[in-house]
Amino acid sequence: MKNEDARRAATLADVAERAGVSAKTVSRVVNEHPSVRDTTRERVKAVIAETGFQLNLAARSLAASQSYLIGTFVADTASLYYSELARGAARACRALGYHLVTEEFDQRNPVAADHYERTLRQTRCDGMILPPPLCDDLALLDALERDGVRYVRISPMLDPDRSVAVFAHDADGVSQLARHLWEKGHRRFGVINGPSNFASSATRRDALIAAVCALGGSASDVTASKMLWDGTFPATGYRTTGQLLKDAPDISAIFTFNDELALGVLGYAHENGLRVPKDLAVAGFDDSDASSFAWPSLTTVSQPVVDMAVRAVQALVRDSPHARRRIECPVRLVIRASTGGE
């Protein structure tokens, strides 16, 4: 660009001229349209990076009758799971020329239809990502459909084929964990369930029971406990562990719905003289950053939460408005010191 042009922001026309393509082609590249040849796409992206071109979101919205906004809900309490979902969704939105709008919901009263009507409805989002438990709020789904707003659900429990839905292979990861614990000599297991309105809570508990039975044990070898909520997941894990070990003192391994609950189990063990993993093995789910920094480091099932959010955004932007499909994401077992790993 000429010196006098360098003082103003690059426009779509500037990029098109420098790349030797039409403005329409630049727009297609920015919006990840599949019809652009790879060589052309790379040339346009190089010019965009060189010029620092940024789309005028408001102008594009008016021209296309779209807001280029994608909305999602996050819990009003600290949660590694929701923060990872939001991070993945924001990353995907940025790559596709969209912006992410987040709204808090009350985990203790997760009825979101009225909340949507008062808040996110006014933003005219082109699509919504619905994490659990809001993915199963049928009144919210009805409201979105009345407004013509597309949505993708994360791990729904009810009517999963009502929309595009993203799932992790929870049961596969839990089966791997059960086999690992069995090979370490454990025969009595405890489970701290997650919230009852999360489909994955029952899935993970049932997968552990099924795996123990397949390995030669029985369902009675697994004692499951509901969370005794105490304000945060770690505090809840601590409190629930005390009750679980009181009810079944012969338990030698505890698996929890998520890593944050497992941190509470570790805290209880430390404060009550239980050596981990010699006296009590502990494992979680998610593979959050905290799991590798815990002491001892936490064995966990790695769930690709960020990738699940990315794929949800991509489905909203690229799929047909009438798409109904399941997106399955693999998980893997990460063995660390809390179960006797290296």
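**Exercise 1: a bridge between two loops**

Asp250 has a relative accessibility of 46%; work out whether that makes Asp250 buried, exposed or partly exposed, then find its salt-bridge partner.

*Solution.* Before starting, note that this is a predicted model.

Step 1. Buried means under 20% and exposed means over 50%. At 46%, Asp250 therefore counts as partly exposed.

Step 2. Now check the partner. Asp250 forms a salt bridge with Arg188, and the closest N and O atoms are 2.9 Å apart. Asp250 sits in the loop between α11 (233-247) and β8 (253-256), while Arg188 sits in the loop between α9 (170-183) and β6 (189-192), so the pair ties together parts that are 62 residues apart in sequence.

Step 3. Finish with the cover on Arg188: its relative accessibility is 17%, so Arg188 counts as buried.

**Exercise 2: a bridge inside one helix**

Take the salt bridge of Arg87 and Glu84, and explain how the two residues are placed along helix α6.

*Solution.* Step 1. The side chains of Arg87 and Glu84 meet at 3.0 Å, N to O.

Step 2. Helix α6 covers residues 80-96, and the two residues are 3 apart in that helix, which means about one helical turn separates them.

Step 3. Here's the geometry behind that. An α-helix has 3.6 residues a turn, so residues three or four places apart point the same way.

Step 4. Neither side is buried: Arg87 is partly exposed at 40% relative accessibility, and Glu84 is partly exposed at 24%.

**Exercise 3: one more pair, and a network**

Describe the salt bridge of Arg325 with Asp319, then say which residues are joined into one network by salt bridges that share partners.

*Solution.* Step 1. In the Arg325 to Asp319 pair, the closest N and O atoms are 2.7 Å apart.

Step 2. Arg325 is partly exposed at 37% relative accessibility, whereas Asp319 is buried, with a relative accessible area of 16%.

Step 3. As for the network, shared partners link Asp142, Glu145 and Arg162 through salt bridges.

Step 4. For the whole model, the count comes to 12 salt bridges.

**Exercise 4: the surroundings of Thr256 and Ala283**

Find what the side chain of Thr256 reaches on the backbone, and then see which residues are in contact with Ala283.

*Solution.* Step 1. Thr256 is in strand β8 and is buried, with a relative accessible area of 0%.

Step 2. Its side chain has a polar atom 2.7 Å from the backbone oxygen of Asn258. The Thr256 side chain also reaches the backbone nitrogen of Ala262, at 3.3 Å.

Step 3. Setting aside neighbours within four places in sequence, Thr256 is in contact with residues including Ile192, Leu261, Ala262 and Ala283.

Step 4. Move over to Ala283, which belongs to strand β9 (residues 281-286) and is buried at 0% relative accessibility. With the neighbours within four places left out, its contacts include Leu177, Ile254, Phe255, Thr256 and Ala262.

Step 5. For a link across the sequence, Ala283 and Val191 are 92 residues apart in sequence and 9.7 Å apart in space, C-alpha to C-alpha.

**Exercise 5: the inner face of α2**

List the buried residues of helix α2 (residues 12-19), and say which helices they pack against.

*Solution.* Step 1. The buried residues are Asp14, Val15, Ala16 and Ala19.

Step 2. The buried residues of α2 pack against α3 (23-30) and α4 (38-51).

Step 3. Look at what comes after the helix: Gly20 follows α2, and its phi is positive, near 75 degrees.

**Exercise 6: an exposed acid and the whole chain**

Place Asp247, then sum up the chain by its secondary structure, burial and contacts.

*Solution.* Step 1. Asp247 lies in helix α11 and is exposed, with a relative accessible area of 55%. Its side chain makes a polar contact with the side chain of Gln243 at 2.9 Å.

Step 2. Now zoom out. The chain has 14 helices and 12 strands, and 52% of its 342 residues are buried.

Step 3. Of the contacts with a separation of 6 or more, 69% come from residues 24 or more positions apart.

Step 4. Last, the charges: the mean positions of the 40 positive and 42 negative charges are 4 Å apart.

Key
Residues numbered from 1 in each chain as written. Predicted model: local features only at pLDDT ≥ 70, side-chain atom pairs only at ≥ 80, totals over all residues. Heavy atoms only, no water. Helix = DSSP H or I, 4+ residues; strand = E, 2+ residues; numbered from the N terminus. Buried < 20%, exposed > 50% of the residue type's maximum accessible area, 1.4 Å probe, protein only. Contact = heavy atoms within 4.5 Å. Lys, Arg positive; Asp, Glu negative; His and termini not counted. Charge placed at Lys NZ, Arg CZ, Asp CG, Glu CD. Salt bridge = Lys/Arg side-chain N within 4 Å of Asp/Glu carboxyl O. Polar contact = N/O pair within 3.5 Å; in protein donor to acceptor, adjacent residues only side chain to side chain.
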